[in-house]
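Reader: I would like to go through the labels attached to this model and see what each one rests on. Please set each value against its cut-off.

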Amino acid sequence: MEKKKYNISVEATLEVIGGKWKCVILCHLTHGKKRTSELKRLMPNITQKMLTQQLRELEADGVINRITYNQVPPKVEYELSDYGLSLEGILDSLCAWGNVHIMKVYGDKFSVLEDSILNDKLK
């Protein structure tokens with residue numbers, strides 16, 4: 001593995017959790033194990049291809065675990081790894097900031113937030 005150089009350490013963080021979907025996936029996994037189909041249902045705007053790609057990248061970075069059950073039909077679940085659990089404070093902070101931003105821009109967060117378990121703690 002080639003040694004990288006970063007200008008600032010947040011670049012390393014964003015390399016792992018950056019992008020449109022990774023933080024959303026991680027937030028869903030803070031609520032427990034999820035199958036791919038559950039994640040797809042929770043994030044209807046993500047394509048199956050993108051979801052699979054993001055899950056593979058998060059697994060390769062050691063942030064999530066892929067659990068395969070030896071049964072027919074095959075069953076696969078994803079969960080946060082111990083390393084991934086260390087991101088929970090960051091994810092909570094991002095959600096809190098997003099909530100403040102939504103209120104600033106829209107005035108009413110419930111007019112723009114989907115009904116989701118992730119938004120329950122913002123009420």
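Reader: Why is Gln54 called buried?

Author: The model is predicted, and in it Gln54 has a relative accessible area of 6%. Buried means under 20%, so Gln54 counts as buried. Gln54 is placed in helix α4.

Reader: What does Gln54 touch, leaving out residues up to four places away in sequence?

Author: Trp21, Lys22 and Ile25. A contact requires heavy atoms within 4.5 Å. Lys22 and Ile25 are themselves among the buried residues of α2.

Reader: What makes helix α2 mostly covered?

Author: The helix spans residues 22-29, and 7 of its 8 residues are buried. They are Lys22, Cys23, Ile25, Leu26, Cys27, His28 and Leu29.

Reader: Why is Met50 called partly exposed?

Author: Met50 has a relative accessibility of 29%. Partly exposed lies between the 20% and 50% limits, so Met50 falls in that class. Met50 is also part of helix α4.

Reader: How far apart are the C-alpha atoms of Met50 and Trp21?

Author: They are separated by 8.5 Å, with the two positions 29 residues apart along the chain.

Reader: Why does Glu59 count as partly exposed?

Author: Its relative accessibility is 33%. That value is not under 20% and not over 50%, so Glu59 is neither buried nor exposed by the cut-offs. Glu59 belongs to helix α4, which covers residues 48-60.

Reader: Which residues does Glu59 touch, not counting those up to four places away in sequence?

Author: Ile64 and Arg66. As for C-alpha positions, Glu59 and Ser81 are 22 residues apart along the chain and 8.9 Å apart in space.

Reader: Is Asn99 buried or exposed?

Author: Asn99 is buried, because its relative accessibility of 16% is under the 20% limit. Asn99 sits in helix α6, residues 88-106. The C-alpha atom of Asn99 is 7.1 Å from that of Lys109, a residue 10 positions away along the chain.

Reader: Why is Glu11 called partly exposed?

Author: The relative accessible area of Glu11 is 30%. The class runs between 20% and 50%, so Glu11 is partly exposed. Glu11 is in helix α1, residues 10-17. Between the C-alpha atoms of Glu11 and Val24 there are 19 Å, for 13 residues along the chain.

Reader: How do you know that the charged end of Lys75 sits over the ring of Tyr69?

Author: The charged end of Lys75 is 4.9 Å from the centre of the Tyr69 ring. The distance limit is 6 Å, and the position must also be within 35 degrees of the ring normal. The pair is listed as a charge over a ring, so both conditions hold.

Reader: How many aromatic pairs does a search of the whole structure find?

Author: The search finds 0. A pair would need ring centres within 6.5 Å.

Reader: What makes the peptide bond from Val72 to Pro73 cis?

Author: Its omega is near -5 degrees, and the bond is assigned as cis. Most peptide bonds are trans. Pro73 is placed in the loop between β2 (64-69) and β3 (75-80).

Reader: Which elements does the chain have, and in what order do they run?

Author: There are 7 helices and 3 strands. From the N terminus the order is α-α-β-α-α-β-β-α-α-α.

Reader: How much of the chain counts as buried?

Author: The share is 29% of the 123 residues. The chain exposes about 8600 Å², of which carbon and sulfur atoms supply 54%. Its C-alpha atoms fill a box of roughly 50 × 40 × 25 Å along the principal axes.

Reader: What part of the contacts with a separation of 6 or more comes from residues 24 or more positions apart?

Author: Such residues account for 44% of those contacts.

Reader: How many positive and negative side chains are there?

Author: The chain has 18 positive and 16 negative side chains. The centres of the two sets lie 4 Å apart.

Conventions:
Residues numbered from 1 in each chain as written. Predicted model: local features only at pLDDT ≥ 70, side-chain atom pairs only at ≥ 80, totals over all residues. Heavy atoms only, no water. Helix = DSSP H or I, 4+ residues; strand = E, 2+ residues; numbered from the N terminus. Buried < 20%, exposed > 50% of the residue type's maximum accessible area, 1.4 Å probe, protein only. Areas by Shrake-Rupley, 256 points an atom, 1.4 Å probe, with all protein chains shown as cover. Lys, Arg positive; Asp, Glu negative; His and termini not counted. Charge placed at Lys NZ, Arg CZ, Asp CG, Glu CD. Phe/Tyr/Trp six-rings, centres within 6.5 Å; stacked < 30°, edge-to-face > 60°.
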